[in-house]
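Work through the exercises below with the sequence and the structure at hand. Each task is followed by a solution in steps.

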Amino acid sequence: MVEVRRLRPEDDRSSFSSGNADLDRFFRSYAGQNQFRLHVGTTYIAAEERDVLGFVTVVATSIVIEDLPARQRRGIPKYPLPALRVARLGVAATAQGKGVGRRLLRAAFHISHEISNLAGCVGVIVDAKLETVSFYEQFGFECVDVLQGGLRDRPAPQAMFLPLGSIPNEPTT
């Protein structure tokens, strides 16, 4: 049975392989330090027994009204608005196409509702790699112009936004 839960220090990340070297390097080398030592993000994993099938890292962020899609700007304050950022999402190559990514994204949606209740959250932002834009569009994410420029020799990700009112508040299982 697949369980979605917070990353624990004892979870073995050393053999995780999604097929994307950047995601794999982040998960193996930085997810733990970011969560347990620096406290700059929290990683949730989809695990089956001791096998890590995928992960999603979320961080607190903000968005300004000018970066929202035009139709979502009415009635919104002009100061930075709290949001949840899906910073990284990766699925093990052996688990791709089996709904693990969807399950991890639903966990992030649940977290956005929890944050909204505790401190405020207008929605979820994701920095999608160009090849994953259509995956996020299936959930209602829209492209926004938050990021500028590239990342060294890599193309800049496409920032996408999903307002809290469009996110179903379903319990994670």
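**Exercise 1.** In this predicted model, find which residues Leu-89 touches, leaving out residues up to four places away in sequence.

Solution. Start at Leu-89 and search for heavy atoms within 4.5 Å. With the sequence neighbours left out, the contacts of Leu-89 are Leu-23, Phe-55, Val-56, Gly-101, Leu-104, Leu-105 and Tyr-136.

**Exercise 2.** Describe a second core, which lies apart from the largest nonpolar core.

Solution. This other core has 11 residues, including Phe-16, Ala-31, Ile-45 and Val-52.

**Exercise 3.** Which members of the largest nonpolar core touch the most other members, and which elements give two or more residues to this core?

Solution. The largest nonpolar core holds 31 residues. Those touching the most other members are Val-58, Val-86, Leu-89, Leu-105, Phe-109, Tyr-136 and Phe-141. Next, list the elements that give two or more residues: strands E1 (2-6), E2 (42-48), E3 (51-63), E4 (81-91), E5 (123-128) and E7 (158-163), and helices H2 (100-118) and H3 (133-137). Finally, look for the largest share: H2 supplies it, with 7 residues.

**Exercise 4.** Is His-39, a residue with phi near 60 degrees, buried or exposed?

Solution. First locate His-39: the loop between helix H1 (21-38) and E2. Its phi is positive, although the residue is not glycine. The relative accessible area of His-39 is 61%. Exposed means over 50%, so His-39 is exposed.

**Exercise 5.** Repeat the steps for Glu-49, where phi is near 55 degrees.

Solution. Glu-49 sits in the loop between E2 and E3. Here too a residue other than glycine has a positive phi. Glu-49 has 75% relative accessibility and therefore counts as exposed.

Technical notes: Residues are numbered from 1 along each chain as its sequence is written. This is a predicted model: local features need pLDDT of at least 70, side-chain atom pairs count only at pLDDT 80 or more; totals for chains, interfaces and linings use all residues. Side-chain values use heavy atoms; hydrogens and water are left out. A nonpolar core is a set of buried Ala, Val, Leu, Ile, Met, Phe, Trp, Tyr and Cys residues joined through side-chain atoms within 4.5 Å. Buried means under 20% relative accessible area, exposed over 50%, partly exposed in between (1.4 Å probe, protein chains only). Helices (H or I, at least four residues) and strands (E, at least two) are DSSP runs, numbered from the N terminus.
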